[in-house]
Amino acid sequence: MAAAAELQSKYQKLAQEYSKLRAQNHVLKKGVVDEQANSAALKEQLKMKDQSLRKLQQEMDSLTFRNQQLAKRVELLQDELVLSESKGKKNKKSGEPVSQLSQEQKNVFDEDLQKKIEENERLHIQFFEADEQHKRLEIELRNRLEVLEMEAAQHQAVVDGLTRKYMDTIEKLQSDKAKLEIKSQTLEREAKDCRVRMEECQQQLKHLHSDLSSRLDDSLHIIREKLPFNDTKSIHHNALNVPFHNRRRQLKLRDLAGQALTFVQDLVTALLNFHTYTEQRVQIFPIDSATDTISPLNQKFSQYLHENASYVRPLEEGMLQLFESITEDTVTVLETTVKLKSFSDHLTSYVCFLRKILPYQFKSLEEECESSLCTAALRARNMELQNDMKKLTAVFEKLHTYINLLALPSTKPDRLLRTNFSSVFTYIASTLHGFHDVLQDMYKHYSQKAALEQELPTATQKLITTNDCILSSIVALTNGAGKVASFFSNNLDCFTASLSYGPKGGMEFISPLSAECMLQNKKKAAAFMKLLKKPCPDSVPYEEALANRRVLLSSTESREGLAQQVQQSLEKIAKLEQEKEHWMLEAQLAKIRLEKENKKVIKNSVGNQRIETTQESLLTAESTEREKEDSMEKASMEAVTSTSLVGMLTVTTGNEEIPEAATREDLIKNHYMARIVELTSQLQLADSKSVHFHAECRALAKRLSLADKSKESTLEDMRLAKQSITRLQDELATTKRSYEDQLSMMSDHLCSMNETLSKQREEIDTLKMASKGNSKKNRSR
């Protein structure tokens, strides 16, 4: 309906514009017609003037022709006069009457000629004036004709433009009319659909009303019977209720706390440098402590400045504790930020430190001014620095006061109003900007002071370097203060929104004990929700459980047998390890004995024959050992077997002759060489196995590192998935609220449509009654 009314108003506006354009078109047509009539009249006048000009031209031609005739006649008369004068000379003797007659004729001719000349001159003057007037009139008429033609062309262009606009407007109106007709038809169909839907919604509304009324009765019954009291009516009881958890706000606050921690760390570093370099400057100016003793005042001042770290470092620690207390799971408001009190205490100690060193700072600057090398400009800079230090201490005192106020809701919230704390944040922002301005002035004054001190004849390189370090620390302080001020001003709305978690209508803060209880309740509620979300384990069917029990029993029996086998194997391995160590010791001893025997052989041997045989025996150790074993098996005498640490050696004890010492030595050498070859092969095998195991261990380490990386990636994906789940839950809640709002708006719209339909029905009924009355009257008539 609203769309139809809007379209109707739009159509009426277009019709009004069309009527205005039509009236303007009529006026312009009338003006064009008048201009065309004027141009036609001017053209007629121009034609008439041309005709009169032609007539005058013809008269001029006739007059010139007449003048030519008269001129010829005058010439003839002059000739006749000359002839008559010549005849008169001849006939002088004739009488006076004849001369008188010729004189009279001459006078007549002269008068006639004079008249003709005057008339000819007058006609020439008239012709020239008429010609000039005609030219002027022609120029004026041509100019006017050009102007009228230009105006006619302009009017024609305006008429053409208006005609095109009129045609475009007509086409647009026709298309709009067609669209409006289509839209009216669609609106009629939508109205029919809305009527049907309205009836359905009315039925649903009735069902919902009945359902909600029944549920309301049940809820009221449960509240009367089960609910002992309403805790929202009491402020103290309502303080224990867990507020809504805004995860985005918590993440934002943690991010802001992290940024504030970074800024405070920068400020702490700059303050430490400033105090340390100030102490160094006191030690070297105006008296260098390396060459002479400084004044007791400067000694005390230097001692206090030396203790600056014990006052400045706790600021960073307090801010770090405050940052760690703000987590994703907590509710960060002024009542729950307990760590803000520790930061405030550390700031209190630092402000006391500044107050303690301020008079010493003044006295030190005055001592510099009293020195003989101090100029007037340097004294002025020192006085400005005194004012800057006083302002700096005042700024820190202001910040300390405001931060103490912010820490009060978490410690002593009695008689504190929330509305006052928004202005506290505003004052903190303005104080931080003032802190930045003071540091800028301090940098300007100290840079001027350093420049003046550099020009002094007693200025040392150590003093210049110390001044540069102090200036760099002041620059760092200025930059840090500017960042903190802009950071606090940009996030002022977020800070003022984090005053309290209590009800919006409340004026006072919640007590810290209630806030602590609320946080404990929040943790319990979160644990309870996690337990509710934990899926129940799937139950196992009975038959599958029996089969698994049989497998478990059989695996238990086999496990016990395997355990016994493993135990036996471990015992065997231990014994073998012991034997291995034993044989390794025996091998070392045998090696030592072999070296001793080789030395004896080298001493007792004659020539190179023994050496060659020794090399051959070394190369053919295995073959000689086999031959020795065969010879030992073939011996028929009684043999005595002796066990040594390197193997089994057979020694004969019969009546036969004992072999020579050389042969026995060769046999021992061959046996030891064979044993060494065997141990070398075993060592190589062990080395190859160790290399193989090392490669496998490296591969396993790489696989383990890849598994750790995949684990980290999966954990990151899981964290992102959790974040997306929480975001989707928030979006679902918002869409649910919007859907409910749309339903309420739709119900209101349906109610309004129902009212309009009822009004239309009433109007239709009245029209029907009126038409029936009119028809009856017509019939009666």
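**Following the contacts through a helical chain**

Among contacts between residues at least 6 apart in sequence, 83% join residues at least 24 apart. Keep that figure in mind while moving through the model, which is predicted. The chain has 16 helices and 2 strands. Of its 781 residues, 23% count as buried. The chain exposes about 56300 Å². Carbon and sulfur atoms supply 56% of that area.

Confidence comes next. The mean pLDDT of the chain is 76. A value of 70 or more is reached by 75% of the residues. Two stretches fall below 50. One covers residues 606-625, where the pLDDT is below 50. Beyond near neighbours in sequence, the stretch 606-625 has 14 contacts in the model. The other covers residues 631-659, also with pLDDT below 50. That stretch, 631-659, has 31 contacts beyond near neighbours in sequence.

Now the interior. In soluble globular proteins, nonpolar side chains tend to be buried together. Here the largest nonpolar core holds 69 residues. Which members touch the most other members? They are Tyr350, Leu392, Phe396, Leu406, Ile428, Met442 and Phe488. Several helices feed this core. Helix 4 (247-284), helix 5 (296-306), helix 6 (309-325) and helix 7 (339-370) are among those that each supply at least two residues. Helix 8 (376-407), helix 9 (419-454), helix 10 (461-490) and helix 11 (492-496) also each supply at least two. The largest share, 14 residues, comes from helix 4.

Take Tyr350 as a way in. Leaving aside residues up to four places away in sequence, Tyr350 touches Leu271, His275 and Tyr311, among others. Val312, Leu315 and Phe396 complete its list of contacts on that count. Phe396 appears again here: like Tyr350, Phe396 is one of the core members that touch the most others. A second core stands separate from the main one and has 7 residues. Its members include Cys369, Cys374, Leu378 and Leu463.

Charged pairs add another set of links. Side chains of opposite charge can pair when their charged atoms come close. A search of the whole structure finds 12 salt bridges. In one of them, the side chains of Arg281 and Glu368 meet at 3.3 Å, N to O. Arg281 lies in helix 4 and Glu368 in helix 7, so this pair ties together parts that are 87 residues apart in sequence. Are these two residues buried or exposed? Arg281 counts as buried, at 5% relative accessibility. Glu368 counts as buried too, at 5% relative accessibility.

A salt bridge within one helix makes a useful contrast. Glu453 pairs with Lys449, with the closest N and O atoms 2.9 Å apart. Both residues lie in helix 9. They are 4 residues apart, about one turn of the helix. Glu453 counts as buried, at 1% relative accessibility. Lys449 is buried as well, with a relative accessible area of 1%. How do these two pairs relate? Arg281, Glu368, Lys449 and Glu453 are linked in a network of salt bridges.

Another pair joins Arg355 and Glu397, whose side chains meet in a salt bridge at 2.9 Å, N to O. This pair links distant parts of the chain: Arg355 sits in helix 7 and Glu397 in helix 8, 42 residues apart. Arg355 is partly exposed, at 42% relative accessibility. Glu397 is partly exposed, with a relative accessible area of 26%.

Finally, turn to helices 1 and 2. Helix 1 spans residues 2-90 and contains Leu77. At 22% relative accessibility, Leu77 counts as partly exposed, because buried means under 20%. Leu77 and Phe109 are 32 residues apart in sequence. In space, they are 8.1 Å apart, C-alpha to C-alpha.

Helix 2 spans residues 96-226 and contains Ile223. Ile223 is partly exposed, with a relative accessible area of 43%. Together with Leu216 and Leu220, Ile223 forms a nonpolar patch on the surface. The accessible area of the three residues together is about 250 Å².

Definitions and conventions:
Residues are numbered from 1 along each chain as its sequence is written. This is a predicted model: local features need pLDDT of at least 70, side-chain atom pairs count only at pLDDT 80 or more; totals for chains, interfaces and linings use all residues. Side-chain values use heavy atoms; hydrogens and water are left out. A nonpolar core is a set of buried Ala, Val, Leu, Ile, Met, Phe, Trp, Tyr and Cys residues joined through side-chain atoms within 4.5 Å. Buried means under 20% relative accessible area, exposed over 50%, partly exposed in between (1.4 Å probe, protein chains only). Contact means heavy atoms within 4.5 Å. Patches are made of residues with over 30% relative accessible area and no salt bridge: like charges are joined within 9 Å, nonpolar side chains (Val, Leu, Ile, Met, Phe, Trp, Tyr) within 5 Å. Accessible areas come from the Shrake-Rupley method with a 1.4 Å probe; for residues, only the protein chains shown count as cover. A salt bridge is a side-chain nitrogen of Lys or Arg within 4 Å of a carboxyl oxygen of Asp or Glu. pLDDT is the predictor's confidence in each residue, from 0 to 100.
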